[in-house]
Amino acid sequence: MRPLIISALVCGFLALHPPAVSAAAPRHETKDRHDKRMAWFREARFGMFIHWGLYAIPAGEWNGKPVGGAAEWLMNSARVPVSGYQPLREQFNPVKFDADSWARLARRAGMKYVVITSKHHDGFCLWPTAQTDFNVTNTPYGKDILGPLSAACRKEGLRFATYFSIMDWTHPDYLPRRPWDPRPGVPADFDRFRRILKSELTEIITNYDPAVLWFDGEWEDTWTTEMGRDIYWHVRDLKPNIITNNRLGKARYLGGASAGKDSVGDYGTPEQEIPAGGLPGADWESCMTMNDTWGYSRFDHNWKSSTTLIRNLVNCASKGGNYLLNVGPTAEGYIPAESIIRLNEVGRWMDINGDSIYGTSASPFPKPLPWGAVTRKPGKLYLHVWSPEGQSVVLPGLKNKMGRAFLLSDPSREFKVTRIAEGARLSLPEALPDKSDTVIVLEIEGQAKVAPQPPISSNADGSFVLNALDARADSPARYEEDKRAIGYWTDSRATVSWTVEFKTKGAYTVTVEQAVHPDTEGAEYSVEVDGASLTGKTRATDHWNDFRTVDLGTIRIARAGRHIVSVRPTLMPGFAVMNLRTVRLIPEQ
Ligand code: FHN
């Protein structure tokens, strides 16, 4: 059947069966109702991301040459005009697309939901939309993708969800134009574009009933938080219990209470990273590629190991978040073999250890643990051990009465756990049964209770080294494990601080180890202790991971005792204060 006829039929269907707008979603949602709406998401912990569209055809190559960057950005990276990109649809014919096998792969991997790009930045739609002819019906393939995949997900007991890009490099009404796009901007009507977005979203919700709408491409100046809020309520009114991510607003890198006025949506979306402290007070989901690119690239062979994928999943859950792991299918409709192999290995681990992931809450220990990670449920700690130092691990500050400790994969194998001054010590077997992550269940009485972190005391020479790992950072500032520093310090109201025990009063030289992106230099801040302070002004280093030590001068501590040492921004001319690795206080002789 000619594709255009299909579009007309869809259009006709929608005209005859306008989407039944459910009762409007309550504008004030009680915590109880919000928790009910988010419950399945918090239980799921693990989902599949699918980036698939016309970009799978060039697969990272254009005019016979490899194009750098993510494959789904090829049109932008290779500066392809619309007239050169849209003809790709004449080649879209994924005859090997098998929705059932994709959904089965996700289920066997232990995933509980699937998010597919219904429309990425290139504007190509994977469903027979009546809003634009730049869609899957007008291709040699000619058939709906979202329908079969949503049905296959349901068959496998998974929730179906759709990614949806606001930014659109081809739609005539989207602005801004790409710099190399010769089309005049004049006839573009952004308000009409927003109406079309709403109609597309109405089609998706009405026809495919997604559990999540995963928005993206919100960062350009033509898009505002208010527009995002309008879309949010459009979709919530259509489906009141739907969940959206936070990329309708302009606060994607924030989370929890700090997200504030620019935040629109239900959960935070760290990307290609796992916030070291999670996003306190917020639901969140870290999305990551399995190699380096979201869309399929024939040049990207930098595949993460299944051990890394397992530990990423555990790390997300141990910080109270979800892990959305991406696959980029080929133009033929195959999921790459490298992805399948890894997903099957993760699935074998999940078959045995899924209880330590699904429905768990964040670790009760405030700091990262050197030997692995912890997830928990009432009455149980799941100790994820992969890098113990010696034949035991310490649970710092644990105060609960403890019961049995046993291997999740074989409860008959028990381990000795003893109370120590620092908390508790768990003895380990000679060899860990699972090198990727051995899960030991520790039964505890009631909810986990952990003693607060003791104040930082001085070294033998009387100096203090205040590390980022031990700092309290006001959101959005947070610890970044790869930089061993406080990063994402994008709000000048956020301070970083430590509790420090000074045995004596006296004068100290203060140094700050910082990295400053050239675009953000000139931020001013003060280091404050017990009423005394020193000020500093940042100077650029080469990049966010290029740390240099700055001497701020001498500060006098007038009284021995426990004091808060804080670093407080006073001026932030750029979009961030600094990345902060260490503050040192060296006693003056
Ligand atoms: O630009 C996109 C990118 O192509 C990819 O879709 C990721 C996935 O989260 N989102 C945007 C970059 O943040």
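Is Phe-134 buried or exposed? Select Phe-134 and have a look around; keep in mind that this is a predicted model. Phe-134 is buried, because its relative accessible area is 2%, under the 20% cut-off for that word.

**Stop 1: around Phe-134.** You'll find Phe-134 in the loop between β4 (113-119) and α6 (146-155). Now show what Phe-134 touches: Leu-54, Tyr-85, Gln-86, Arg-89, Asp-122, Gly-123, Phe-124, Cys-125 and Thr-170, leaving out residues up to four places away in sequence. Next, add Glu-200, which sits 66 residues from Phe-134 along the chain. The C-alpha atoms of these two are separated by 12 Å.

**Stop 2: the largest nonpolar core.** Select Met-48, Ile-50, Trp-52, Phe-92, Ile-116, Leu-149 and Leu-343, the residues with the most contacts inside the largest nonpolar core, which has 96 residues. Colour helix α7 (residues 190-208) too, since it gives this core its largest share, seven residues. At least three residues of the core come from each of domain 1 (31-201 + 274-349) and domain 2 (372-444).

Zoom in on Leu-343. Not counting residues up to four places away in sequence, Leu-343 touches Met-48, Leu-105, Ala-109, Met-111, Met-290, Leu-325 and Val-327. Apart from this core lies another one, of 35 residues, including Ala-276, Val-512, Ala-523 and Val-529.

**Stop 3: an open sheet.** Switch to cartoon view and trace five strands in the order β10-β11-β17-β13-β14, paired antiparallel. Which strands stand at the edges? They are β10 (372-377) and β14 (410-414); each has a single partner strand, so one side of each is left without a neighbour in the sheet. From one strand to the next, the twist averages 35°.

Pick out β10 and β11 (residues 380-385), an antiparallel pair with six bridges. One spot to click is Gly-372, whose bridge partner in β11 is Val-385. Helix α9 (residues 306-318) lies across both strands, at about 50° to β10.

**Stop 4: backbone oddities.** Go to Leu-175 and Pro-176, where a cis peptide bond joins the two, with omega about 5°. Pro-176 is in the loop between β5 (159-165) and α7.

Then try Arg-45, in the loop between α2 (31-44) and β1 (46-50). Arg-45 isn't a glycine, yet it has a positive phi of about 65°. Arg-45 is buried, with 7% relative accessible area.

Finish at Asp-530, in the loop between β24 (524-529) and β25 (532-537). Asp-530 has a positive phi as well, near 50°, but Asp-530 counts as partly exposed, at 28% relative accessibility.

How values were computed: Residues are numbered from 1 along each chain as its sequence is written. This is a predicted model: local features need pLDDT of at least 70, side-chain atom pairs count only at pLDDT 80 or more; totals for chains, interfaces and linings use all residues. Side-chain values use heavy atoms; hydrogens and water are left out. A nonpolar core is a set of buried Ala, Val, Leu, Ile, Met, Phe, Trp, Tyr and Cys residues joined through side-chain atoms within 4.5 Å. Buried means under 20% relative accessible area, exposed over 50%, partly exposed in between (1.4 Å probe, protein chains only). Helices (H or I, at least four residues) and strands (E, at least two) are DSSP runs, numbered from the N terminus. Domain bounds come from an automatic or database domain assignment. Contact means heavy atoms within 4.5 Å. Two strands pair if DSSP finds at least two bridges between them. Axes are lines fitted to C-alpha atoms, for helices over the stretch in contact, and angles run from 0 to 180 degrees between N-to-C directions.
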